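Reader: Could you take me on a close look at one part of this model, the open sheet and what lies across it? I would enjoy a connected account.

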Amino acid sequence: MSSTDISLHKDVHLEHDDHHDDHHNESFITKYVFSQDHKVIAKQFLFAGIFWAIIGGTLSSLFRMQLGFPEATFNFLEPLLGKWVEGGKLNPEFYLALVTMHGTIMVFFVLTAGLSGTFSNFLIPLQLGARDMASGFMNMLSFWFFFLASVIMFYSLFLETGPAGGGWTVYPPLSALPQAIAGSGTGMTMWLISMALFIVSQLLGGVNYITTVINMRTRGMSMSKMPLTIWSFFLTAVLGLLAFPVLFSAALLLIFDRSFGTSFFLSDIYVAGQALSHTGGSPVLFQHLFWFLGHPEVYIVILPTFGIVSEVITTNARKPIFGYRAMIGSMLGISVLSFIVWAHHMFVSGMNPFLGSVFMFLTLIIAVPSAVKVFNWLATLWRGNINFTPAMLFSVAFVSLFISGGVTGIILGNSALDIQLHDTYFVVAHFHLVMGSAAFFGMFAGVYHWFPKMFGRMMDEKLGYVHFWITFICAYLIFMPMHYMGIAGFPRRYYTWTGFDTFSTFLDMNSFISIAAIAVFFAQLFFLFNFFYSIFRGRRATENPWKSNTLEWTTPVNPGHGNWPGPLPVVYRWPYDYSKPGAPEDFIPQNVPYSQTQSSNLPHERDEF
Amino acid sequence: MITIAVALSIILLLVTLYLLFRIQILASIFKGSYRRDVGKSNKVNAVLLLVFFFVMGGLFIWSFMDAKEDMILPNASVHGIDIDQMFWLTMAVIGIVFVITHILLFVYSYKYQHQDGKRAYFYPHNNKIEIIWTVIPAVVMALLVFSGWKTWAKITSPAPQDAVVVEIMGKQFNWLTRYPGADNKLGVVKHTLITAENEFGIDLTDQNSADDFPGEPSAFHVPKGTPVLLKIRSRDVIHSVFLPHFRVKMDAVPGMPTSFWFIPTKTTAEMQTETGNPDFQYELACTEVCGRGHFAMKTILVVDEPEEYKKWVEAQSKKTFATTLQGGGSDSAAVAVNSEAGAASLATKQ
């Protein structure tokens, strides 16, 4: 162990060429399991994220079967689900548990840990020209806390009383009272413990990302020369660091209410034939605390993909990103605003209507920086020379999904319109497009794009195309019709709507959505096969297969611990010198000095050192 | 046997697919296209994007038109007209943005696909354009915020004095209603007094309770054309009152009474004629997840002509909580006297 530590320290802190010993002395355990190398940790997060995405997708397929075919019997699920299927019928409480766990898993375990964990870890040191994260040890802890949280959450799926079932937002009193729903028993306890550990993991990771970005940029890499990916990961980490502790406090108070008889969120309750002694608490307080995290959380999910998509689009359009500073400015604006819009989730929660008008104003402002980002992406495509790699297709589709899901936010952010649409399928459609599908597409773009750097091999393009087209078409087939149901008032989290005449329309449409949802779930097998096959048997990658400018492509095909075998690269220019007039090639990497590119330099461009 | 056959055929299918995949790779290596940076598939994908735009755009328009009938619920309240108007106005605004940006996205993708020997246009920024497309959305948003504010302020303003008051309480898993009776005051309730009979937890020692009466278990009535103030409560977990035809929604929160007022404009009978559905009923749904029976937590709201409503109140007000809970002890005249006295002495209680 001690010798490993010594070589690690050399790697991380010294800029000498002293690397001939860095692959010695590493056992399998320290290299692949308890690794402190950011690239290995990134892959650990990626594999865990893929695992959770499969689980989350399976759960959604199960409840889509129920919603699409409410009259059908599902006896064939009995071997899988046991007593949750009674006479071929899904148990309604189990249905709620499925919805709850689908939301929790997708939002936190896949699109937060799987996305930020993978790409922040992988790209921050590589794109900044650092040998590793500021603290490799904390980084390792971050993954293993996440792993622990995952184990507990996974275990809760197999409890006899079922996992948590009160919705992913776990509003008390429902989540506080096992008398009200069985999932609020042990399942909810495990949910809270798992989330507490998850938050610890996020904070450890976030501190590391921020410190690394601030302190460990290589020579010449000023903040205004950083790739947009790094800006987005940096702001995501700041959001997480400020928002997650608030969720932690909410979870803690909920634990107190559940287990120690306090009344933070409970008041005047009579349930299961018994009046409870709790008095003076406010369920709305929990909602404020939850959404103070919950809203920044949706930006924690989508911001990293802003960065990834910007990077992929600019590389494959062979054009500088349009309005680099405006892109950073809009991300800053979105980050700040994301903290002061949370109560738009609560327009009809009974809070003061005046608060509603303030939050409507702030919410609609956030549309402006979002619109700027879309226009800038479009301007980047304009007069480009576009190479449609699978990553690029996913990025173009990302922009489409982001627009389609984003514009309906303008409707939902309007408190007067939200009266009718709150907690209907309109909301479901909105956030599944704008933060569900879009974030998934950004993540796919990232995986296809950086796979060569991660595994030294290329993914198969043709399979990537098949995967892309099925996924893109199905994303719209699933979520567009949901808007119609939402306008008609279909409430969320309903086991079936057949009890209401008002909601008995759209039976065929629900079946259609379910078929598309299950089809797209199976289409992911193309991706899984491609991913695992290519790790072992894919075409060998070159150092810079996409002809990209950022520093990670200046490393060897399989970068070792410490990333660069020689001295760290020095940065002379911004990362977007694509198709610069006068340059022989259509890209100039960041580590090429201006003195070597006399033919293409603009008047003000000369080396600063 | 069948399971084994199915499993075997799936395995065979997968093996075939895998072999096809390998053959395709070998063929492309042989052809030399395997290592080319930008191959034929670039053009195919660019065309597919354009096809996607037209086909999916067409499907969207068709399905939207097709679903329009079912999508737009008939509206039966005064403020609902404002909400609907603003909804469709906002839909038009975002529809324009949606269409323009998508045309640009897909047309640019097709038009600027890779061509050998071509070079992209180096165009890193243009401050003027960026300011323009920041200001325009900001102005549009400001207009939308302003109209939203006006409507929201109107809807959430205090209910008129003459509003008909109905209390609606959510519990797992049904809705209960309570009317304030002749004194127009609801009596005090305490969750500690709740029993199987006294589901509201009504404190009968409060004079205001004396003339309070329940709505029918399956339905409650309100008059057309008068403001109706719903006083909303919950006794266990959070529920949410949703009256889709009236554009009404408000959470029912334990320990924190909420309210929502609206003016119904069409009676149930009128709506039955309008929709051509003789069985039409105004349904009230729960829209905040509340447990196993969430999806079935429904009650009916009946909107009557004012005269019919008066008749219904007359009949229903004989079934006061006081009589049912105390086994029909006091006669209605005494109740009226009591309640007037109570109104004077306990005016602060709601």
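Author: Happily! Two strands pair if DSSP finds at least two bridges between them, strands being DSSP runs (E, at least two residues) and helices likewise (H or I, at least four), numbered from the N terminus. This is a predicted model, in which local features need pLDDT of at least 70, side-chain atom pairs count only at pLDDT 80 or more, and totals for chains, interfaces and linings use all residues. Residues are numbered from 1 along each chain as its sequence is written, while chains are lettered from A and ligands numbered from 1 in the order in which they are written.

Let us start at one edge. In chain B, β4 is joined by 5 bridges to β10 (residues 298–304), and the two run parallel. Within this pair, H221(B) stands opposite V302(B) of β10(B).

Now widen the view. β4(B) and β10(B) belong to an open sheet of 5 strands with mixed pairing, in the order β4-β10-β9-β6-β7 of chain B. Its edge strands, each pairing on one side only, are β4 (219–223) and β7 (248–252) of chain B. On average, neighbouring strands of the sheet are turned by 25° against each other, direction ignored; axes here are lines fitted to C-alpha atoms, for helices over the stretch in contact, and angles run from 0 to 180 degrees between N-to-C directions.

Finally, a helix joins the picture: α6 (residues 306–316) of chain B lies across β4 and β10 of chain B, running at about 135° to β4(B). Contact between two residues requires that their C-beta atoms, placed from the backbone, lie within 7 Å.
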